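Student: I would like to go through this structure and ask what the terms rest on.
Tutor: Go ahead, and I will set each value beside its rule.

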Amino acid sequence: MPDISRPFLSVENLTVNFPTPDGIVHATESLSYTLERGKTLGIVGESGSGKSVSSSAILGLHRYSNAIVSGQIWLDGTDLLQISDNDMRLKRGKEVAMIFQDPLSALHPYYRVGDQIAEAYRAHNTVTKKAARARTIEMLARVGIPQPDRRVDDYPHQFSGGMRQRVMIAMALINDPTLLIADEPTTALDVTVQAQILDLLQDLQREFNTALIMITHDLGVIAEVADDVLVMYAGRAVEYGSARALLTKPSMPYTWGLIQSVPDVTGPVDRPLRPIPGSPPSLVQPPAGCAFFGRCAFSSLVPGDRCAHELPELLPIEAGHLKRCHLEDVSVMYAESVEADRVDTATVEAGAH
Amino acid sequence: MIAFAIRRILVGIVMLLAMVLVVFILFFAAGNPARDVCGKFCTPEKLKQVTQVYGYDQPISEQFGLFMKGLVVGRDYPVDDKYREALAKSNPDLVIHCPAPCLGYSQHDALTVNQDIVKYAPVTLSLSIYSFVLWIFFGVLIGVLAAVFKGRALDRITVGITLVVYALPTFFIGTFLLQFVAIKWRLVPYPSYVSIADGGVIGWFSSLFLPALTLALFYMAAYVRITRAFVLESLTEDYIRTARAKGLRTRVVLFKHGLRAALTPLLSMAGLDFAALLAGAVITESVFNYQGLGLLAVTANKNSDLPVLIGLVIVAGAAVILANIIVDILYAYVDPRVRLR
């Protein structure tokens, strides 16, 4: 029975652990977020931050691995973690669909793309082969593949990268899913094709009123498509809020670092890149305090050793904007950046003379 | 596609010619084959005569030319022209015509090599095809099951058994089956080869069961392990995740998407293993005393019957080259990425 008060998608305290010989990998720790139909949630974070793992949990793909999943995933009034394997299978591809990062490896090399798409349709609809093929061609046309009635019989390797990703999108959307998860759909594509694919996804989202989860590490993508943004670090949400708030007023040094590390095409050409130094902590033995401690430039501003010993809670700083950070006054981050800009500009000018 | 096939066949012919040359030089450089033909009580005069009659006194290049000519248009024995013409008048039955592709003449067997091979080939061909079907069917089936039940009892038992079987030499398996299954327990009649012409399909089928099983077990053990590995590897591929994300049944994911990718490398292995079997069933044929090509090779080796050995090496080499070409062409059908237009 659909619960009126609950959002369309509500992930609550989702935890995914992988037992390995080296210990338990805490891939995702008590993650919570919500999403309504027609809206887009961007999940950002670097490799291994738990973006894909948490999203695969929505499709129930961890049922085929040794992962231990706990928490709740409410989709349209049903907790997806409580239903049987077969019920989950029937939802997979029909209500929840996923687009993967590398379309070349995500498509089976030995089967025609048309057959692979039709297979997704026939898994959830009792139709003739002919009807499934007609629907496939219609879908290929819808995602902008020229001559779909001919291309339907081609193999994945005969398509360009962008066209292959369109095939994946056609496959994911053929059953009009209510929730679409796009796992770095543009990472393997070049920039101009990226923009086309993003436009296509947004058009289709509007057309079908789909809820969209866009997993990416590209803040440009986030700025373009997301309504809400969830920043993940070492398996946890570290900042969560509307895209506007998060991109204009980032409140967690990690988010700030991500934004700062994007090269500015309007700035001086010689401006050095500003990467976040260091690398993420081990997920097998997570640190006791803040996972970002050690890479964070501002932890010294927090009184005592709180960053090292005390895991910050995900707390609201204003309505609908949460952060997991002990740092209270974020203006120091912005000030430091202005200073860095001044130094860089001075260095560039000095170099020019 | 046809151009590709023709190109592969032409390359195959060139390879075959090169192989014939190397084999010919290797064998004839070993010494004068006439010495063995001449026999125990060989006088220098007789040896000289035999050497001349069979053409072994001519330079290797000349002999190779004659051999190649025999392969292409056929030839007559004895080799020496004058001697043969004289023989044709006095005793025409002793002049042997060897039609193309002539692989030589075995003085020891008093048969052309072609006749020898045709005589022994049916057993080996039957044995190879029979065991090939056995090992491919059961090997792949058990391999897939082991992969699907990875880590569970079925998988562990299967992997354990295949390891033991794989480690057992063929002569042990063959002798064991013969001693126990056929002789002691009398589960099957004592195996002796029955051709289809003599015993019908059923007689042929049952007469070959034990030796074919002997041959197949070794390969089956290997194929179980290889299939298991290929399927397991294939199950980690991204397209398996895609198949699951589409909501397909587990059975479809495993057998349609998982096994399909594993079949391609299996195909190329199976082709080569089959070709190797045509010349390599020596031990099984010896254990069961089946008159096949392997036994012919052993006998020829014992008798220093060089022409037969050369012929066998060429036939075996040709089988491997042919199997390679067939696998290449099949590959293009099986894997659309190598399909040539």
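Student: Where is the place of B:Pro78?
Tutor: B:Pro78 sits in the loop between strand E1 (75-77) and helix H5 (81-90) of chain B. Keep in mind that this is a predicted model.

Student: What is the peptide bond from B:Tyr77 to B:Pro78 called, and what is its omega?
Tutor: The bond is cis, with omega near -5°. A cis peptide bond also joins B:Ala100 and B:Pro101, where omega is about -5°. B:Pro101 is in the loop between strand E2 (96-98) and strand E3 (105-106) of chain B.

Student: What makes A:Glu119 and B:Lys246 a salt bridge?
Tutor: The rule asks for a side-chain nitrogen of Lys or Arg within 4 Å of a carboxyl oxygen of Asp or Glu. In A:Glu119 and B:Lys246 the closest N and O atoms are 2.9 Å apart. The pair therefore meets the cut-off of 4 Å and counts as a salt bridge. The count between chain B and chain A is two salt bridges.

Student: Which helices of chain B each supply at least two residues of the side that touches chain A?
Tutor: They are helix H11 (238-245) and helix H12 (250-280). H12(B) gives the most, with seven residues. By class, this side of chain B has seven nonpolar, five polar and 11 charged residues.

Student: How many residues does the contact take from each chain?
Tutor: The contact takes 24 residues from chain A and 23 residues from chain B. The two chains bury about 2,400 Å² between them, and 57% of that is on carbon and sulfur atoms. Across the interface, 14 residue pairs are in polar contact.

Student: How do you know that A:Lys51 forms a salt bridge with A:Glu184?
Tutor: Their closest N and O atoms are 3.6 Å apart. The limit is 4 Å, so the pair qualifies. This pair links distant parts of the chain, with the two positions 133 residues apart. A:Lys51 is in helix H1 (residues 51-59) of chain A, and A:Glu184 is in the loop between strand E7 (179-183) and helix H8 (191-208) of chain A. Over all chains, a search of the whole structure finds 19 salt bridges.

Student: Why is H6(B) called oblique to H14(B)?
Tutor: The axes of helix H6 (residues 113-148) and helix H14 (residues 293-302) of chain B cross at roughly 135° and come within 7 Å. Roughly perpendicular ends at 115 degrees and roughly antiparallel starts over 145, so the angle falls in the rest, and H6(B) is oblique to H14(B).

Student: Which residues in H14(B) are met by residues in H6(B)?
Tutor: They are B:Leu293, B:Gly294 and B:Leu296, and the residues in H6(B) that meet them include B:Tyr120 and B:Thr124. By class, this contact has five nonpolar, two polar and one charged residues.

Student: What is the sign of phi at A:Asn13?
Tutor: A:Asn13 has a positive phi of about 50°, although this residue is not a glycine. A:Asn13 lies in strand E1 (residues 9-20) of chain A.

Note on methods
Residues numbered from 1 in each chain as written. Chains lettered and ligands numbered in written order. Predicted model: local features only at pLDDT ≥ 70, side-chain atom pairs only at ≥ 80, totals over all residues. Heavy atoms only, no water. Contact = heavy atoms within 4.5 Å. Buried area = accessible area lost by both parts, 1.4 Å probe. Polar contact = N/O pair within 3.5 Å; in protein donor to acceptor, adjacent residues only side chain to side chain. Helix = DSSP H or I, 4+ residues; strand = E, 2+ residues; numbered from the N terminus. Nonpolar A, V, L, I, M, F, W, Y, C, P; charged D, E, K, R; others polar. Axes fitted to C-alpha atoms, helices over the stretch in contact; angles between N-to-C directions. Parallel < 35°, antiparallel > 145°, perpendicular 65-115°, else oblique.
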